Amino acid sequence: MTQKATILAIFMVVLVLGMETKETQGQEMCHDLIKKTDCDDATCVTLCKQKWNGNGGGSCFQIVNLKSCLCAFPCQV
């Protein structure tokens, strides 16, 4: 049952980020997962912008005991 919750959590994060970044017309969005032991949204956004040269954004989510940061950015970066 934990595996189903994990898959559902990942699917929901990708779906939300996909809807959030849909404003970038005609650009395919890529994703990168930064695993952390703790995560807050402000730090996640900052990490993603630093890693991907100011493009895209990020969001935190938790799977079991691991909180992770999921970055979304234009694939051309």
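The following conversation concerns the fold, disulfides and side-chain pairs of a predicted model.

Trainee: What helices and strands are there in the chain?

Mentor: This is a predicted model, and its chain has 2 helices and 3 strands. Read from the N terminus, the elements follow the order α-β-α-β-β.

Trainee: How many of the residues count as buried, as a percentage?

Mentor: The chain has 77 residues, and 27% of them count as buried. The exposed surface of the chain comes to about 5,300 Å², of which carbon and sulfur atoms supply 57%.

Trainee: And what about contacts between residues far along the sequence?

Mentor: If one takes the contacts between residues at least 6 apart in sequence, 56% join residues at least 24 apart.

Trainee: Let us turn to the cysteines. How many disulfides does the structure hold?

Mentor: The structure holds 4 disulfides. With bonded cysteines counted along the chain, their pattern is 1-8, 2-5, 3-6, 4-7.

Trainee: Where does the link of Cys30 and Cys75 sit in the chain?

Mentor: The sulfur atoms of Cys30 and Cys75 are 1.9 Å apart. This pair links distant parts of the chain, with Cys30 in strand β1 and Cys75 in the segment after β3, 45 residues apart. The link is right-handed, with 115° about the S-S bond.

Trainee: Is Cys30 buried or partly exposed?

Mentor: Cys30 is partly exposed, because its relative accessible area is 23%, and buried means under 20%. Cys75 is partly exposed as well, at 25%.

Trainee: What is the handedness of the link of Cys39 and Cys60?

Mentor: That link is left-handed, with -65° about the S-S bond. The sulfur atoms of Cys39 and Cys60 lie 2.1 Å apart. Cys39 is in the loop between β1 and α2 and Cys60 is in strand β2, 21 residues apart. Both cysteines are buried.

Trainee: Which cysteine is joined to Cys44?

Mentor: Cys44 is joined to Cys69, with an S to S distance of 1.9 Å. Cys44 lies in helix α2 and Cys69 in strand β3, so this disulfide ties together parts that are 25 residues apart in sequence. The angle about the S-S bond is 85°, and the link is right-handed.

Trainee: How accessible are Cys44 and Cys69?

Mentor: Cys44 counts as buried at 1% relative accessibility, and Cys69 is buried with a relative accessible area of 0%.

Trainee: Changing topic, which side chains meet in a salt bridge?

Mentor: The structure holds 1 salt bridge. It is formed by the side chains of Lys51 and Asp32, at 2.7 Å from N to O. Lys51 lies in helix α2 and Asp32 in strand β1 (residues 29–36), so the pair ties together parts that are 19 residues apart in sequence.

Trainee: Why would such side chains pair at all?

Mentor: Side chains of opposite charge can pair when their charged atoms come close.

Trainee: Is Asp32 buried or exposed?

Mentor: Asp32 counts as buried, because its relative accessibility is 17%. Lys51, at 45%, counts as partly exposed.

Trainee: What else does Asp32 touch?

Mentor: Leaving aside residues up to four places away in sequence, Asp32 touches Lys51, Trp52, Cys69, Leu70, Cys71 and Phe73.

Trainee: And how many aromatic pairs does a search of the whole structure find?

Mentor: The search finds 1 aromatic pair. Its members are Trp52 and Phe73, which are stacked at 3.8 Å centre to centre with 10° between the planes. Trp52 is in the loop between α2 and β2 and Phe73 is in strand β3, 21 residues apart. Phe73 counts as buried, at 6% relative accessibility.

Methods
Residues numbered from 1 in each chain as written. Predicted model: local features only at pLDDT ≥ 70, side-chain atom pairs only at ≥ 80, totals over all residues. Heavy atoms only, no water. Phe/Tyr/Trp six-rings, centres within 6.5 Å; stacked < 30°, edge-to-face > 60°. Helix = DSSP H or I, 4+ residues; strand = E, 2+ residues; numbered from the N terminus. Buried < 20%, exposed > 50% of the residue type's maximum accessible area, 1.4 Å probe, protein only. Contact = heavy atoms within 4.5 Å. Areas by Shrake-Rupley, 256 points an atom, 1.4 Å probe, with all protein chains shown as cover. Salt bridge = Lys/Arg side-chain N within 4 Å of Asp/Glu carboxyl O. Disulfide = S-S within 2.5 Å.
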